[in-house]
Amino acid sequence: MSKLNASDIQGFSLRGYNMPFARYLFLRLTHAERARTLLTRLLPLVTTGQLWDRKPESTINLAFTQRGLAALELPLATLISFPPEFQLGMKARGSILGDVGRNSSEHWDKIWHDGHVHVWLAINSLTQDVLHSRFAEMQALLEETRGAELLGFQDAAAIKLDGKFCTKEHFGYTDGFGNPDYLGICRDTQPGQGKLMKDGTWAPLATGELLLGYADEAGELPVAPVPHLLAANGTFMVYRKIHQNVGTFREFLNKWGERYGAGDDHAKEKLASKFIGRWRDGTPAELSPDREDPEIVADPDRNVNFMFGNDGAGTRCPLGSHVRRVNPRDAFGFEGRLVHRRRISRRGLPYGPPAPPENEPADARELDATDRGIVFMALNANLARQFEFVQQQWISYGNDAHLGNEKDILIGCHGEGERFGIQGDTSAANPPFFCTGLPNFTELRGGDYFFLPSITALGMLAMNLVDPR
Amino acid sequence: MPSRNGSVYGLTLLCPILNDPAAVPSHDLQIRDHLATLSRGADSMFALAPGTHLARLVVLDDVVYVGAPACEEHLKSKYLVFESNCDGDRDSYLTGLAKAIPGELDTIWKHCAGYPPGGANDLARFLAYMKKCEIETTFFFAPVNNKTVTETLVALRNKHAIAHFIAQHQGVKPAQVRASILALRDKLNAAPDPKPAAVHVERTMDTGGRNE
C-alpha cells in the first residue's frame with residue numbers, strides 16, 4: 001500500500017495535535033443552503049493531515065452527526081446508507097453502552113437533550129489568545145453566513161503541573177500513551193502499538209481499521225455510506241464528556257490504600273496502579289509492578305511495549321485493570337490477534353479547573369460538584385465493532401476476562417454490591433485484594449457519534465455534490 | 001470420541017418437520033410460535049429436567065445460498081434442530097427428559113415427521129426415534145468442562161460465597177477468619193444443591209451478541 005493522501009484527510013483523524021487548549025463548538029444547522037455557504041467558507045480553514053514544516057498555532061476540524069447530514073439535505077439514499085449505529089446516535093445506543101443510571105441521557109448536559117447538535121467544530125490551539133481569536137473568527141463566520149446556530153461550546157485544556165503542561169488527567173494519572181499505528185500513516189511504528197508479528201516485530205494495523213475506503217484487518221472495506229467518495233478518507237468519531245468525581249476518587253483511594261499492603265503512601269500509589277494498569281506517573285504495571293520507573297515512561301520503545309500472556313493470573317497487571325480491559329493484547333491467547341479489530345484511536349483533553357493537590361485539605365463533595373472531567377474522543381472505522389464492542393464487552397462487562405459481571409473500576413457505571421478484584425501473589429507487598437462498594441468515579445454528561453469526512457467529502461457537502469447514484 | 005467430551009455428551013438431533021400443505025399455520029411456524037414462548041429461567045423445561053448444561057432449539061428452514069462460487073442447494077425438509085450439552089449418555093439423558101417433561105417434549109415434537117404417536121411416554125419408541133435423528137457432534141459449548149451440571153452449580157455458588165467472604169474479611173484477625181471460614185464451610189456443605197437457572201443476575205445493560 002502506498003502512502004495515504006494526507007492532504008485529503010482531516011488532521012484530527014491522523015494524529016493528536018498535542019496542543020494544550022481546545023474549544024469544541026456545537027452547531028445546529030437551520031438552513032441547508034446557508035449551511036453550505038458556511039461550509040464553503042470553512043473549507044480552506046480546515047486542518048489536513050499534511051505534515052507540518054512548522055507547527056501551526058491552531059487547528060480547525062469538522063464533524064457531523066446523522067441529523068447534521070440530514071439538515072444538509074443529503075439524498076435519502078446516502079443518509080440511509082450510513083451504519084445503523086451512527087444513524088441512531090449515541091443516546092439511542094445507551095442500553096448497549098451501559099449508559100444507564102447516572103450515566104443515562106436524562107442526566108446529560110442540556111445541549112444533548114433535543115438532538116439538535118449537528119456539527120462538532122473543533123479549535124485546538126497553542127495559547128488561550130489564539131483560541132479566543134479563532135473563536136471570534138468562527139463566530140464572525142456564523143454571523144456573516146447565518147449558516148448555523150451556535151448551541152454552545154466545551155472548553156478543554158491540558159493540566160499545568162509546576163508551570164508546564166502535562167498529560168495528566170484529574171485523578172492524577174498520566175494519560176495519552178500513544179495510539180495504534182495504521183498502515184500508510186506516516187509515523188515510525190512504535191513497539192507495542194500495532195500488531196505483534198510471529199517474528200516478534202510490530203506491524204501497523206490495516207488502514208481500514210481507522211479510515212473508510214481502505215481494507216481492514218479482515219481484508220474487507222469497512223461498512224460505509226455511498227457514494228464511495230463521500231466515505232473514503234473519512235472516519236467515525238465518538239464524543240463523550242466524562243465528568244470525574246475527584247473527591248470520591250481521592251476518598252476511595254485513601255480508604256482502601258490504608259488497608260492495602262503496608263498501608264503507606266507507596267501502597268496507596270500501588271493500589272492506584274492496579275486500577276489502571278499504570279502507575280500514576282505512567283509506568284506500566286506489567287513491566288514494573290512494584291515501583292514507578294521514569295526511564296520506562298520516557299522510553300517510547302518500552303512505555304507501550306508489553307504483553308499480558310505471561311501474566312495470565314494478573315498478579316502484575318490485574319485482569320480487570322483499565323489498560324488490560326481496553327486493549328487486552330495477548331491476554332485472550334492467539335498471539336493477540338483477537339484484539340486487532342477492536343482497536344480505537346483516542347483523542348481528548350481534560351476540562352474544568354485542575355483540582356487542588358491531594359495533600360491539601362479539600363471538601364470531597366465540593367471536589368465532586370466542580371464541573372471537571374475529560375473530553376474523550378475515539379476514532380474508528382466501525383463504531384459497532386470497535387468502540388461499542390470495547391465499551392459494552394470490556395468496560396461494562398467482564399466475561400471475556402473471566403471476571404463475570406465486573407466492570408471497569410473507574411469508568412464503569414456501578415450498581416450496588418459491585419467489587420474490584422486485584423490478583424496478587426504470596427508476597428506481603430502484592431496481596432490479593434478486593435475493593436468493595438464501588439462508587440461511580442465518573443459520570444457521562446453527554447456526547448454523540450460523528451462522521452469526520454475527508455477534505456473532498458467536505459467539499460462535496462459544501463457544494464451539494466453528494467450523489468449516491 | 002465424537003459426541004463425547006469427558007463426562008459431557010454432545011447431542012445434536014435433526015428432526016424433519018411435518019410438511020403438510022393443509023396445515024395452517026404450517027408446522028414449522030407452529031414450532032417457532034411455541035419456542036418463542038419458552039421460559040429461560042428456573043421454570044425452563046431444561047431446568048426442570050436433569051442434566052442439561054446448555055440446550056438450543058432451532059427451526060432450520062433451508063440452507064441459504066450465499067452466491068457464487070457456492071452451488072445452490074436445498075434441504076429436502078425443514079428440520080427442528082436440538083442441540084444439547086448434557087451429562088451422561090444419550091439414552092440416559094433423553095430418558096431423564098422423557099420422565100421429567102414428557103408433555104413439553106410432545107408439544108414441540110408432535111410437529112415432526114415420524115415422532116411416535118405415544119410421544120415421550122412411549123419410552124422405547126421415543127428413544128429409537130431420537131437415536132435415528134442424531135448426528136455426530138464434534139463441537140461443544142466451551143465453558144462446559146468435565147463436571148456435571150450440579151457440580152458446576154455448586155462450584156459457582158461456592159466461588160461467589162468465597163469471593164464475598166474474602167471481600168468481607170480483609171484485615172480481620174486470622175483466628176476470626178478461621179472461625180468464620182469454618183462456619184462458611186459448614187453452611188455451604190449443609191446447603192441444598194442449587195437448582196439450574198435459579199440464580200439470575202439482573203443486568204442494567206444489554207450484553208447480548210446483537211452488537212457483534
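These legends go with close-up views of a predicted model of chains A and B.

**View 1. Chain A as a whole: helices, strands and overall build.**
Chain A has 15 helices and 14 strands. Its radius of gyration is 22 Å, close to the 23 Å that the globule rule gives for 469 residues, so chain A is as compact as a globular protein of that length. Measure out a box along the principal axes and the C-alpha atoms fill roughly 70 × 50 × 45 Å. Half-and-half is a fair way to picture the burial here: 50% of the 469 residues count as buried. Take the contacts in chain A with a separation of 6 or more, and 70% of them are between residues 24 or more positions apart.

**View 2. Where the two domains of chain A meet.**
Domain 1 of chain A covers 6–240 + 447–462, and domain 2 covers 256–342 + 383–446. Their C-alpha centres sit 28 Å apart. At the contact, domain 1 of chain A puts in 37 residues and domain 2 of chain A puts in 28. Which elements give two or more residues to the domain 1 side? They are α5 (84–88), α6 (94–97), β7 (195–196), β9 (235–244) and β14 (442–452) of chain A. The largest share of that side, three residues, comes from β9(A). Sorted by class, the domain 1 side has 17 nonpolar, eleven polar and nine charged residues.

**View 3. The strand pair β9(A) and β14(A).**
Here β9(A) and β14(A) run antiparallel, joined by ten bridges. Look for A:Val238, which stands opposite A:Tyr449 in β14(A). Is β14(A) mostly covered or mostly open? Mostly covered, with ten of its eleven residues buried.

**View 4. The largest nonpolar core, with A:Met237 in focus.**
This core has 109 residues, and the members that touch the most others are A:Trp120, A:Met237, A:Val238 and A:Phe450. Both domain 1 (6–240 + 447–462) and domain 2 (256–342 + 383–446) of chain A give residues to the core, so it lies between them. As background, nonpolar side chains tend to be buried together in soluble globular proteins. Zoom in on A:Met237 and, leaving out residues up to four places away in sequence, you'll find it touching A:Ala63, A:Met377, A:Ala378, A:Leu379, A:Phe450 and A:Leu452. There is also a second, separate core of 25 residues, and its members include B:Ile17, B:Ile31, B:Leu94 and B:Leu97.

**View 5. A:Ile411, a loop residue.**
You'll find A:Ile411 in the loop between α14 (384–395) and β12 (419–422) of chain A. Why does A:Ile411 count as buried? Because A:Ile411 has 24 C-beta neighbours inside 10 Å, and the cut-off for buried is 20 or more. Setting aside neighbours within four places in sequence, A:Ile411 is in contact with A:Ile242, A:Ile395 and A:Thr442. For a sense of scale, the C-alpha atoms of A:Ile411 and A:Val117 are separated by 25 Å, with the two positions 294 residues apart along the chain.

**View 6. Chain B on its own.**
Chain B comes to seven helices and five strands, and from the N terminus on these run β-β-α-α-β-β-α-α-α-β-α-α. How does its radius of gyration sit against a compact globule of 212 residues? Such a globule would be near 17 Å, but chain B has 22 Å. Along the principal axes, the C-alpha trace spans about 75 × 45 × 35 Å. Of the 212 residues in chain B, 17% are buried. Among contacts in chain B with a separation of 6 or more, residues 24 or more positions apart account for 72%.

**View 7. The two domains of chain B.**
Chain B splits into domain 1 (4–135) and domain 2 (149–201). The C-alpha centres of these two domains lie 37 Å apart. Their contact takes eight residues from domain 1 of chain B and six from domain 2 of chain B. On the domain 1 side there are two nonpolar, five polar and one charged residues.

**View 8. Chain B against chain A.**
In this view, twelve residues of chain B are in contact with 18 residues of chain A. The chain B side divides into four nonpolar, five polar and three charged residues.

Methods. Residues numbered from 1 in each chain as written. Chains lettered and ligands numbered in written order. Predicted model: local features only at pLDDT ≥ 70, side-chain atom pairs only at ≥ 80, totals over all residues. Domains from an automatic or database assignment. Contact = placed C-beta atoms within 7 Å. Helix = DSSP H or I, 4+ residues; strand = E, 2+ residues; numbered from the N terminus. Nonpolar A, V, L, I, M, F, W, Y, C, P; charged D, E, K, R; others polar. Core = buried A, V, L, I, M, F, W, Y, C linked by C-beta atoms within 7 Å. Buried ≥ 20, exposed ≤ 12 C-beta atoms within 10 Å, placed from the backbone. Rg over C-alpha atoms; globule rule 2.2 N^0.38 Å. Pairing = 2+ DSSP bridges.
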